[in-house]
Amino acid sequence: MKKLVTLLFSSFCIGVGLNLFIVPIHLINGGIFGISLLIKYVWGIQVRHTMIMINIPIYLLYDKSYFFNAILGLAFTSTIIDWLTPLNGLVHLPIITSAIIGGMTIGIGVGYMLRQHISPGGVDLLALLISKTTATNPGIIIFIIDSLIVIAGIIILNDLKLMYSLLTISCVGICVFFINSFKAINIFIR
């Protein structure tokens with residue numbers, strides 16, 4: 001039950017972050033989301049379809065013990081992203097504000113998924129697996145990979161406005177870092 005609640009909450013956060021804040025200003029997030037958004041901007045293919053097409057082979061290559069949770073994360077996240085598409089354009093904020101709020105909202109969703117060993121996308125699964133073997137926080141790994149994807153997006157789309165995407169992925173990485181840094185918080189009251 002805890003994983004189901006985490007899936008719903010996290011997928012909702014990711015869907016809101018993307019549809020309400022990132023997509024309307026044509027920024028990209030990192031990871032498979034970012035790659036899927038690049039494909040959407042270039043060819044108009046729905047994010048959900050691209051995420052599924054890219055993720056399935058990635059999931060099959062990685063640790064099979066994470067396969068079920070990864071498929072659940074992918075299914076919930078991609079579906080809720082599409083369901084929340086009507087949010088696109090409802091809020092009009094300055095680009096910096098949208099980049100920050102969108103990144104934080106997505107980061108909260110991704111962070112809580114990874115905390116429960118669920119992955120919303122292939123790059124996040126890769127970060128989770130690397131963090132398990134290297135004792136590196138997944139937020140740092142996600143930030144490095146996402147930075148490379150954003151830089152590729154800037155080159156492919158030839159749009160310097162995408163530099164704001166670096167702010168978005170920084171917020172995602174920071175949220176994931178903090179959510180996964182504290183495994184348990186004990187408060188002692190005397």
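The legends below describe close-up views of a predicted model.

**View 1. Helix α5 and helix α8 cross in a right-handed manner.** The axes of helix α5, which covers residues 95-115, and helix α8, which covers residues 164-181, come within 7 Å of each other and cross at roughly 35°. The residues that take part in this contact divide into 17 nonpolar, five polar and one charged.

**View 2. Helix α5, with its 21 residues, reaches 29 Å from its first C-alpha to its last.** This reach is close to the 30 Å expected at 1.5 Å a residue. Among the residues of α5 that are buried are S98, A99, G102, G103, T105 and I106, and further along the helix G107, G109, V110, G111, M113 and L114 are buried as well. As background for reading such a list, an α-helix has 3.6 residues a turn, so residues three or four places apart point the same way. After α5 comes H117, a residue whose phi is positive, near 60°.

**View 3. C171 and C175 have their sulfur atoms 6.7 Å apart.** A disulfide is a covalent bond between the sulfur atoms of two cysteines, and the count of disulfides in this model comes to zero. C171 is in no disulfide, and the cysteine sulfur nearest to its own belongs to C175, at 6.7 Å. Why is the sulfur of C175 not bonded to the closest cysteine sulfur, in C171? The distance of 6.7 Å is too far for a bond, because a disulfide is counted here when the two sulfur atoms lie within 2.5 Å. Both cysteines are nevertheless buried, C171 with a relative accessible area of 11% and C175 with a relative accessible area of 14%.

**View 4. The side chains of N137 and S181 are joined by a polar contact.** N137 lies in the loop between α6, residues 122-134, and α7, residues 138-157. Is N137 buried or exposed? N137 counts as buried because its relative accessible area is 12%, which is under the cut-off of 20%. The polar contact that joins its side chain to that of S181 has a length of 3.1 Å.

**View 5. I54 lies in helix α3, which covers residues 47-61.** With a relative accessibility of 22%, I54 counts as partly exposed, because buried residues must fall under 20% and exposed ones must be over 50%. I54 and G31 are 23 residues apart in sequence, and in space their C-alpha atoms are 11 Å apart.

Conventions
Residues numbered from 1 in each chain as written. Predicted model: local features only at pLDDT ≥ 70, side-chain atom pairs only at ≥ 80, totals over all residues. Heavy atoms only, no water. Axes fitted to C-alpha atoms, helices over the stretch in contact; angles between N-to-C directions. Helix = DSSP H or I, 4+ residues; strand = E, 2+ residues; numbered from the N terminus. Left-handed = near helix turned anticlockwise from the far one by under 90°. Nonpolar A, V, L, I, M, F, W, Y, C, P; charged D, E, K, R; others polar. Expected span 1.5 Å × (residues − 1). Buried < 20%, exposed > 50% of the residue type's maximum accessible area, 1.4 Å probe, protein only. Polar contact = N/O pair within 3.5 Å; in protein donor to acceptor, adjacent residues only side chain to side chain.
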